[in-house]
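This report introduces one protein structure to a reader who has not met it before. Please keep the sequence and the model in view while reading.

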Amino acid sequence: MSTNIFSQIPKKSALAFVNGKNIHYEVYGEGEPLLLLHGYTLSSKSWAPYVKEFDKEYEVYLIDLTGHGKSDAFNENLSIKSVAEDLNSLVRHLKLDRIKAIGFSFGGDVLYQLALINPSLIESMITIGAVGTWTINDFPEYRDAFTFENRANFPWLLEAHGTDDKISALMEQFKNYTVSVTTEELKTIKPEVLIMVGDNDEGMDLTEVVRVKNNLPDADLWILPNVAHGAHEGETKEEFILKAKTFLSKK
């Protein structure tokens, strides 16, 4: 089902030119800034059904991360840190001094890097299916299946990105997906973090989950039983919204 039917009309929809590329964003609601960040090969559209749950309390920002959606396609090798630097430049462009954030998968990986790049920016953040240190080569079956030639097996791609050129760039860069957060880096991350993972998420190594939880200065861990990668979706959506609102509202 298209997420477009859930979305409200944004009070602002624009492109910001930062770090030599256009980054697309939309703004909804009023209140403290809350960034919602999508997974790899998704776009800000994936968060559209959630806007109405947060826009009475927050000024919600839906952002097409570098290479995705209406933002410019990748013109260099994928780097999670580089994407986080683009996001940090966008935040500065928007004159946001303090934010809260939720990041799914790739979006969560970007948030950890953003917290390292700009330590005072994030007050609290929720990461979903995103934790630890790994590379796509740890999951060769995904790397080999997720190719442009197999794009028909991933029907959301055309809706999220629109053109074969952008889809091709995304799928080509998947081979460069590398996440690295050292134990020493974890110890310096200042925001309060809610680590959210499904216990059936094949991409989440529980030893890495424990390492991250044990070394973040201020972190809660929420493991959902019988739930896969999209732990905020489907049958767990209402529970996620309730938990997210409670966590983000803490002072």
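What covers the buried residues of α2? The model is a predicted one, and in it the cover of these residues includes the strands β1 (12-18), β2 (21-28), β3 (32-37), β4 (58-63) and β8 (178-179), together with the helix α3.

**Helix α2**

Helix α2 comprises residues 80-93. Its 14 residues should span 20 Å at 1.5 Å a residue, and the end C-alpha atoms are 20 Å apart, which agrees. The buried residues of this helix are I80, S82, V83, A84, D86, L87, N88, L90 and V91. After α2 comes K95, which has a positive phi, near 60°.

One of the buried residues, D86, has a relative accessible area of 4%. D86 forms a salt bridge with K21, and the closest N and O atoms of the pair are 3.1 Å apart. Because K21 belongs to strand β2 and D86 to helix α2, the pair ties together parts that are 65 residues apart in sequence. K21 also counts as buried, at 8% relative accessibility.

**Helix α3 and the nonpolar cores**

Helix α3 holds twelve residues, 106-117. The expected span is 16 Å, and the end C-alpha atoms are 17 Å apart, which agrees. The helix is mostly covered, with ten of its twelve residues buried. These are F106, G107, G108, D109, V110, L111, Y112, Q113, L114 and A115.

Just ahead of this helix, S105 lies in the loop between β5 (99-104) and α3. S105 is not a glycine, yet its phi is positive, near 55°. With a relative accessible area of 14%, S105 is buried.

Which residues have the most contacts inside the largest nonpolar core? They are L35, I63, Y112 and Y177, in a core of 57 residues. Leaving out residues up to four places away in sequence, Y112 touches M125, T127, A130, V131, V181, I189, V193, I195, V212 and L216. Apart from the largest core lies another, of 26 residues, which includes L34, L36, W222 and V227.

Y177 also appears among the contacts of W134, as do D109, F139, T178 and V179, when neighbours within four places in sequence are set aside. W134 is located in strand β7 (residues 134-135) and counts as buried, at 17% relative accessibility. The C-alpha atoms of W134 and P10 are separated by 36 Å, and these two residues are 124 residues apart along the chain.

**Salt bridges**

The count of salt bridges comes to 15. Three of the pairs are listed below with their N to O distances.

| Pair | N to O distance |
|---|---|
| K21 and D86 | 3.1 Å |
| K56 and D55 | 3.4 Å |
| R151 and D164 | 4.0 Å |

Are the partners K56 and D55 buried or exposed? K56 counts as exposed, at 68% relative accessibility, whereas D55 is buried, with a relative accessible area of 11%.

The side chains of R151 and D164 meet in a salt bridge. This pair links distant parts of the chain, 13 residues apart: R151 is in the loop between α4 (140-145) and α5 (156-161), and D164 is in helix α6 (residues 164-173). R151 counts as partly exposed at 33% relative accessibility, and D164 counts as partly exposed at 38%. Elsewhere, K11, E30 and E59 are linked in a network of salt bridges.

**The surface and strand β10**

Which residues make a nonpolar surface patch of about 240 Å²? The patch is formed by L206, L221 and I223. L221 is placed in strand β10 (residues 219-224) and is partly exposed, with 34% relative accessibility.

In the loop between β10 and α9 (237-248) is N226. Its phi is positive, near 60°, in a residue other than glycine. N226 is exposed, with a relative accessible area of 67%.

Terms used
Residues numbered from 1 in each chain as written. Predicted model: local features only at pLDDT ≥ 70, side-chain atom pairs only at ≥ 80, totals over all residues. Heavy atoms only, no water. Patch = residues over 30% accessible without salt bridge, like charges linked within 9 Å, V, L, I, M, F, W, Y side chains within 5 Å. Areas by Shrake-Rupley, 256 points an atom, 1.4 Å probe, with all protein chains shown as cover. Helix = DSSP H or I, 4+ residues; strand = E, 2+ residues; numbered from the N terminus. Buried < 20%, exposed > 50% of the residue type's maximum accessible area, 1.4 Å probe, protein only. Contact = heavy atoms within 4.5 Å. Core = buried A, V, L, I, M, F, W, Y, C linked by side-chain atoms within 4.5 Å. Expected span 1.5 Å × (residues − 1).
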